[in-house]
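Subject: Structure for you to look through

Dear colleague,

I am passing on a structure that I would like you to open and turn around while you read this message. My notes on what was found in it follow below the viewer.

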Amino acid sequence: LVINPHLKAKPQPDTAPWVTRLVQGDYAYYHYGSCGFHDSGWGCAYRSLQTIVSWLRRRGVIDAPVPKHEAIQRALVDLGDKPKSLIGSRQWLGAVELSYALKSLTGVAARLVHVSRVLTCLNRPVCCCIISKPSAAR
């Protein structure tokens, strides 16, 4: 695992109308092949979820462990979103599935926002990431 890889990145100048922003807080970056699990070509969504959960853990928002691929798959099957054949497969997941798994495994709700045109704030494009704290009842 790589911890805070963004700190080693060379800052890029803003190119209008885009503005570069880096994550705040510590996290472990889960990439293909990390932890001895080879998922190159199909595991990007799983790795994204693992990285998000790592960030939430390190900020003290959750105590839940960083889920392995099978735990993510089982959560989606248990929710009824996917058939049992998902478990152990190399099936791609998308943002919707990740939001379901995040809620199921950590109690943290994610809101996916479809953007059909660029949102602006103070005449600059905006990308939103909305994370709410886990609810007491799971």
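A good place to begin is with Phe37, Trp42 and Tyr46, which are linked into a cluster by pairs of rings. Please keep in mind throughout that this is a predicted model, and that the values quoted here were computed from it.

The count of aromatic pairs comes to 2. In one of them, the ring centres of Phe37 and Trp42 lie 6.1 Å apart and the planes stand at 75 degrees, so this pair is edge-to-face, a label that applies to angles over 60 degrees. Trp42 also pairs edge-to-face with Tyr46, with 5.5 Å from centre to centre and 80 degrees between the planes. How buried or exposed are the members of this cluster? Phe37 has a relative accessibility of 37% and therefore counts as partly exposed, since that value falls between the limits of 20% and 50%. Trp42, in contrast, has a relative accessible area of 7% and is buried, and Tyr46 is buried as well, with a value of 0%.

Next comes the interior. In soluble globular proteins, nonpolar side chains tend to be buried together. Here the largest nonpolar core has 17 residues, and those with the most contacts inside it are Leu49, Ile72 and Leu93. Helices H1, H2 and H3 (95–106) each supply at least two residues of this core, and H1 gives the largest share, with 5 residues. If you select Ile72 and leave aside its neighbours within four places in sequence, you will find it in contact with Tyr46, Leu49, Pro67, Leu93, Ala101 and Leu105.

Which residues of H2 are buried? They are His69, Ile72, Gln73, Ala75, Leu76 and Val77, and what covers them includes H1 and H3. H2 is followed by Gly80, which has a positive phi near 85 degrees.

H1 holds a further residue that you may like to inspect, namely Ser54, which at 3% relative accessibility counts as buried because the value is under 20%. Not counting residues up to four places away in sequence, Ser54 touches Tyr27, Ala28, Tyr30 and Val66.

There is also some open space to look at, since the second largest pocket holds about 250 Å³. It is lined by 16 residues, of which Phe37, Gln50, Lys68, His69 and Glu70 are the closest to its centre. The elements that give two or more residues to this lining are H1 (44–58) and H2 (69–78), and H2 gives the most, with 3 residues. Sorted by class, the lining of the second largest pocket has 6 nonpolar, 6 polar and 4 charged residues. Phe37 and His69 therefore each appear twice in these notes: Phe37 is partly exposed and lies among the residues closest to the centre of the pocket, while His69, also among those closest residues, is one of the buried residues of H2.

Finally, please look at the backbone of Asn4, in the loop between strand S1 (2–3) and strand S2 (28–29). Most residues other than glycine have a negative phi. Asn4 has a positive phi of about 50 degrees although it is not a glycine, and at 8% relative accessibility this residue counts as buried.

With best wishes

Definitions and conventions. Residues are numbered from 1 along each chain as its sequence is written. This is a predicted model: local features need pLDDT of at least 70, side-chain atom pairs count only at pLDDT 80 or more; totals for chains, interfaces and linings use all residues. Side-chain values use heavy atoms; hydrogens and water are left out. On a 1 Å grid over the protein atoms alone, a cavity is a set of points where a 1.4 Å probe fits but cannot get out, and a pocket is an open set with protein on both sides within 12 Å along at least five of seven lines; lining residues have an atom within 4 Å of a point. Grid points are joined across faces, edges and corners, and a volume is the space filled by probe spheres set on the points. Helices (H or I, at least four residues) and strands (E, at least two) are DSSP runs, numbered from the N terminus. Ala, Val, Leu, Ile, Met, Phe, Trp, Tyr, Cys and Pro count as nonpolar, Asp, Glu, Lys and Arg as charged, and the others, Gly among them, as polar. Rings of Phe, Tyr and Trp (its six-membered ring) pair if their centres lie within 6.5 Å; planes under 30 degrees apart count as stacked, over 60 as edge-to-face and the rest as tilted. Buried means under 20% relative accessible area, exposed over 50%, partly exposed in between (1.4 Å probe, protein chains only). A nonpolar core is a set of buried Ala, Val, Leu, Ile, Met, Phe, Trp, Tyr and Cys residues joined through side-chain atoms within 4.5 Å. Contact means heavy atoms within 4.5 Å.
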